[in-house]
Amino acid sequence: MRKQEEQKIIFLNSYLPRTGHNFVSEALKVFTGHQVLIHNKSETRLSTILREFFSIYDKQVFFETDKKFLEHLFIKDLRERILEKSNSEYVMIKNTSFLGVDQLSRIFPNDIHIILLRDPASVFNSLLKGMRFNKKGLRDKVKKMGVLLGVYPFYYSRKLSNYVLENLPDLEDKIVLRYEDLVELKKSNLEELKDLFGCDKEINDIKKEISSIEVINSSFTEETGASHIWEQKPKTKAFDPVKRKGHPYLTRVGVKLGSRKLRKKFNYI
């Protein structure tokens with residue numbers, strides 16, 4: 001049985017769904033061999049839950065005795081209880097939200113905190129692709145027309161961008177990882193990860209293993225709703241995970257304009 005002090009928890013937080021966190025998890029597994037807790041593909045909302053706990057703890061609990069009691073109930077030995085679920089050297093907890101990321105650092109200062117970024121234009125295009133406007137009502141027809149004209153994508157992207165910007169965590173003590181760098185097998189990025197995790201594999205072998213990862217979910221192929229969403233699928237020659245299209249020109253323009261502030265913050269423009 002591995003000692004818990006020898007284990008590390010990898011917290012992988014992205015800012016929204018469709019940021020490629022399943023692919024990134026599989027890519028990081030090449031370096032770590034980690035086990036994902038609890039569900040192998042979907043996210044566990046631990047950071048979001050901790051944010052709610054500390055919003056009450058910090059603002060509404062005033063007596064030290066009450067704070068200690070709440071810590072005993074909800075926080076004490078939390079790391080140990082998490083690691084009871086695995087004997088792996090590395091375990092991973094994922095969340096497609098920045099909510100509570102700073103609270104994770106507060107409780108788990110010696111573990112690994114990774115912030116996953118992806119070009120917001122790609123993320124918002126993917127989110128729009130998953131929307132359904134198939135009802136016969138006027139509302140869906142107006143939205144569908146708004147998508148084609150780029151109006152709805154503009155306001156949708158701007159609203160989501162503002163939400164993400166309002167909840168940006170402190171990045172000083174976090175590892176910032178770009179989805180595109182892993183997909184494109186950027187050598188400097190792979191070397192940094194190799195050093196971080198003490199991986200003894202050769203860079204060329206790492207590249208081969210990452211390149212062999214198949215499509216993780218249906219966001220890269222024809223949308224099928226929730227059906228078989230977690231199935232891995234072979235890549236096709238037309239598959240381009242970075243420069244994805246699939247939308248009319250005006251829709252893509254609306255997304256780019258609406259996400260401009262967030263793209264600039266993340267240094268994508």
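In which sense do β1 and strand β4 pair, and over how many bridges? Select residues 112-117, which form β4, together with β1: the two strands pair in the parallel sense over 5 bridges. Zoom in on Ser14 and you will find it opposite Leu116 in β4. Keep in mind throughout that this is a predicted model.

**The whole chain**

Show the full chain as a cartoon. It contains 13 helices and 5 strands. Of its 269 residues, 47% count as buried. Among contacts with a separation of 6 or more, 79% are between residues 24 or more positions apart.

Now colour the chain by pLDDT. The average is 87, and 85% of the residues score at least 70. Select residues 218-226, where pLDDT stays under 50. The model has 23 contacts beyond four places in sequence for this stretch.

**Strand β3 and its partners**

Select β3, residues 90-95. All 6 of the 6 residues of β3 are buried, so the strand is largely enclosed by the rest of the structure. Show the side chains and look at the two faces in turn. Tyr90, Met92 and Lys94 are buried on one side, and Val91, Ile93 and Asn95 are buried on the other.

Add β1, residues 8-14, to the selection. How many bridges join β1 to β3? There are 6, and the two strands run parallel. Two pairs are worth labelling. Ile10 has Met92 as its bridge partner in β3, and Phe11 has Ile93. β1 is mostly covered as well, with 6 of its 7 residues buried.

Next add strand β2, residues 35-37. β2 also runs parallel to β3, and 3 bridges join them. Val36 stands opposite Met92 in β3.

**Two serines in loops**

Move to the loop between α4 and β3 and select Ser86. Is Ser86 buried or exposed? Its relative accessible area is 5%, under the 20% limit, so Ser86 counts as buried. Display what surrounds it. Leaving aside neighbours within four places in sequence, Ser86 is in contact with Gln7, Gln35, Leu37 and Val91. Leu37 is 49 residues from Ser86 along the chain, and their C-alpha atoms are separated by 8.3 Å. Draw a distance line from the side chain of Ser86 to the backbone nitrogen of Ser88, and it should read 3.0 Å.

Then go to the loop between β3 and α5, where Ser97 lies. Ser97 has a relative accessibility of 7% and counts as buried. The side chain of Ser97 reaches the backbone nitrogen of Leu99 at 3.0 Å. Not counting residues up to four places away in sequence, Ser97 touches Asn13, Ser14, Tyr15, Arg45, Ser47 and Thr48.

**Helix α2**

Ser47 belongs to the next stop, as one of the buried residues of α2. Select residues 46-60, the 15 residues of helix α2. At 1.5 Å a residue the helix should span 21 Å, and its end C-alpha atoms are 21 Å apart, which agrees.

Colour the buried residues of α2: Leu46, Ser47, Leu50, Phe53, Phe54 and Tyr57. Turn the helix so that you look down its axis. These residues cover an arc of only 120°, which puts them on the same side of α2. The face turned away from them carries the exposed residues Ile49, Lys59 and Gln60.

What do the buried residues of α2 pack against? Show β1, α3 (64-75), α4 (78-83), β3 and α5 (101-107) to see the packing partners.

**Helix α7**

For the last stop, select residues 138-149. This is helix α7, whose 12 residues reach 16 Å from the first C-alpha to the last, close to the 16 Å expected at 1.5 Å a residue. Its buried residues are Asp140, Gly146 and Val147. Seen down the axis of α7, they fall within an arc of 120°, so they line one face of the helix. On the other side, Leu138, Lys141 and Val142 are exposed.

Add α8 (151-166) and α12 (249-258), the helices that the buried residues of α7 pack against. Finish at Gly150, which follows α7 and has a positive phi, near 85°.

Definitions and conventions:
Residues are numbered from 1 along each chain as its sequence is written. This is a predicted model: local features need pLDDT of at least 70, side-chain atom pairs count only at pLDDT 80 or more; totals for chains, interfaces and linings use all residues. Side-chain values use heavy atoms; hydrogens and water are left out. Helices (H or I, at least four residues) and strands (E, at least two) are DSSP runs, numbered from the N terminus. The expected span of a helix is 1.5 Å times one less than its number of residues. Buried means under 20% relative accessible area, exposed over 50%, partly exposed in between (1.4 Å probe, protein chains only). The arc is that of the directions from the helix axis to the C-beta atoms. Contact means heavy atoms within 4.5 Å. pLDDT is the predictor's confidence in each residue, from 0 to 100. Two strands pair if DSSP finds at least two bridges between them. A polar contact is a pair of N or O atoms within 3.5 Å; within protein, one must be able to donate a hydrogen and the other to accept it, and residues adjacent in sequence count only if both atoms are side-chain atoms.
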